[in-house]
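Colleague: I am new to this structure, and I would like to understand how the words used for it follow from the computed values. Could we look at it together and go through the reasoning step by step?

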Amino acid sequence: MATASSPNSLLLKNPNRSLLRNPNHPIVPTTTHLTTVKLPTKPLSIKCAATTQTQDHLPLTQTPAQARVFNFAAGPATLPENVLLKAQSELYNWRGSGMSVMEMSHRGKEFLSIIQKAESDLRALLNIPSEYAVLFLQGGATTQFAAIPLNLVKLEDPVDYVVTGSWGDKAFKEAQKYCKAKVIWSGKSEKYTRIPSFEGLEQSPDAKYMHICANETIHGVEFKDYPTAKNGLLIADMSSNFCSKPVDVSKFGIIYAGAQKNVGPSGVTIVIIRKDLIGNAQEITPVMLDYKIHAENNSLYNTPPCYGIYMCGLVFEDLLAQGGLEEVEKKNKKKAELLYNAINGSNGFYRCPVEKSVRSLMNVPFTLEKPELEAEFVKEAAREKMVQLKGHRSVGGMRASIYNAMPLAGVEKLVAFMEDFQARHA
Ligand SMILES: Cc1ncc(COP(=O)(O)O)c(C=O)c1O
């Protein structure tokens, strides 16, 4: 329902925010940099990625927690506030070690305890069977586009790609260099708005694996179930829905994900691989892309992204403390439902192009009936401290990424803003 309030009043209408962003959080260290910050009385010009604007509506004093925005970026993305605060409290002196995690030897007992705990918590979260190895790597998911064919197949081997968006397409293009990759289904002509029926997939009879992108971050298309590969080897890029819901790992040969959307900062790439698939890399495979090297060395062949792994570990702990991925999925469904209902109920003022049954719980793309208002929408939202709502440059429109760490209050505030914006511009 539309409200007639001014955009600025939305800040006041958000009672949950003060609860969620409690400056007296027990793990906030009592250091001077967490005391109230006095802002200048003159309007303060702040730059955020979405737009540059004058913020003349902020209160004169605010805590650092109140100064945080709701960040709808697709990645790097918002992180859980309690994780950031815990990292802050441990930044200078990790648990009495006398040093920061950033300063530790990756072979010392302190860091070994961090990486081992991160792995065991991830195993608990996803219920990863013991026949699977967990690798913490670098190079982003993009590096895996090459590492997967290099490790699993030979130059002359056929493999299948189901392309439901730009990331699947990129993975296919990279694989073509290292094997006989074939697109067996593409949603490109329909602007990547749906997932094909699994029965209709014409899998190559001798394909060594089938690759999917479980959640297309740009187009907002998410697999709700998974096809079975003819030879049993399904490979999934789960970068943008990793740990957002329970997954039956045993259905996959490899699951891979860049951390920077749901589980940590950029710089860490997680690969979950069935152990029997390790050890067959093509001869030209660079050492850093060879899963065998990393598995044999427990992800410590060279210097790993230590701080990023530590942050992922804190996020895993937090997800477990929330009750695990069943609970996390419930929260994600609630947030996504709220946002999609607002779009559906707007009488066409907002539109989501994606087929309803496969709309992503993580990335919600939408357009405005009047595209000329899109820049104004992004600008006004940023003024209300909701940033990074501009759609990907390749598709335009808007996109709200509502990963695990986006609080319900952030989505509620966005929906209230959308209704208000519609009331003023319809
Ligand atoms: C689904 C998906 N796959 C792959 C990538 C590429 O990840 P990276 O930048 O970590 O290489 C992204 C990045 O946004 C993504 O969303």
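Colleague: Why is Gln388 called buried?

Modeller: This is a predicted model, and the word rests on a count of C-beta atoms. A residue is buried if 20 or more other C-beta atoms lie within 10 Å of its own; Gln388 has 22 other C-beta atoms within 10 Å, so Gln388 is buried. Gln388 is found in the loop between strand S17 (386-387) and S18, and its phi is near 65°, a positive value in a residue other than glycine.

Colleague: What makes Asn127 count as partly exposed?

Modeller: A residue with 12 or fewer such neighbours is exposed and one with 20 or more is buried, with partly exposed in between. Asn127 has 13 C-beta neighbours inside 10 Å, and therefore counts as partly exposed. Asn127 also has a positive phi, of about 55°, although it is not a glycine, and it lies in the loop between H4 and strand S6 (132-137).

Colleague: And how do you know in which class Glu110 belongs, buried, exposed or partly exposed?

Modeller: Glu110 has 16 C-beta neighbours inside 10 Å, so it counts as partly exposed. Glu110 is found in helix H4 (residues 109-126). Leaving aside neighbours within four places in sequence, Glu110 is in contact with Trp94, Ser97 and Met104. Glu110 and Trp94 are 16 residues apart in sequence, and their C-alpha atoms are 9.0 Å apart in space.

Colleague: Why is Pro305 called buried, given its place in a loop?

Modeller: The class depends on the count of C-beta atoms: Pro305 has 22 others within 10 Å, and the cut-off is 20 or more, so Pro305 is buried. The loop in question runs between helix H7 (291-296) and H8. Not counting residues up to four places away in sequence, Pro305 touches Gln138, Gly267 and Val268, while Pro305 and His106, 199 residues apart in sequence, are 9.1 Å apart in space from C-alpha to C-alpha.

Colleague: How much of the protein is made up of buried residues?

Modeller: Buried residues make up 43% of the 426 residues in the protein. Its secondary structure comes to 11 helices and 18 strands.

Colleague: What makes you say that both faces of strand S9 are covered?

Modeller: In strand S9 (residues 210-213), Met210 and Ile212 on one side are buried, and so are His211 and Cys213 on the other. In a regular strand the side chains alternate between the two faces of the sheet. Strand S9 also has partners: 2 bridges join it to strand S7 (residues 158-163), in parallel, and 4 bridges join it to strand S12 (residues 234-237), again in parallel. Tyr161 has His211 of S9 as its bridge partner, and Cys213 has Asp237 of S12.

Colleague: Why are strand S16 and S18 said to pair?

Modeller: Pairing requires at least two bridges between two strands; strand S16 (residues 363-368) and S18 are joined in the antiparallel sense over 4 bridges, and therefore count as paired. Pro365 stands opposite Arg399 in S18.

Colleague: And why are some strands called edge strands in the sheet that holds S16?

Modeller: That sheet is an open one of 3 strands, in the order S15-S16-S18, with antiparallel pairing. Strand S15 (350-351) and strand S18 (398-401) are its edge strands, as each pairs on one side only.

Colleague: How do you know where the largest nonpolar core lies with respect to the two domains?

Modeller: This core has 114 residues, and among those that touch the most other members are Ala175, Ile254 and Met386. Helix H8 (residues 306-321) gives the most to the core, with 10 residues. Domain 1 (82-322) and domain 2 (324-424) both give residues to it, so the core lies between them. As for Ile254, its contacts beyond four places in sequence are Ile148, Ile235, Val271, Ile272 and Ile273.

Colleague: Which kinds of residues form the shell around the ligand?

Modeller: The shell divides into 3 nonpolar, 7 polar and 1 charged, and the residues around the ligand include Gly75, Trp167, Cys213 and Asp237. Helix H5 (residues 140-152) contributes the largest share of the shell, 3 residues. Gly75 has a further feature, since the peptide bond from Gly75 to Pro76 is cis, with omega near -5°.

Terms used. Residues numbered from 1 in each chain as written. Predicted model: local features only at pLDDT ≥ 70, side-chain atom pairs only at ≥ 80, totals over all residues. Near = placed C-beta within 6 Å. Nonpolar A, V, L, I, M, F, W, Y, C, P; charged D, E, K, R; others polar. Core = buried A, V, L, I, M, F, W, Y, C linked by C-beta atoms within 7 Å. Domains from an automatic or database assignment. Contact = placed C-beta atoms within 7 Å.
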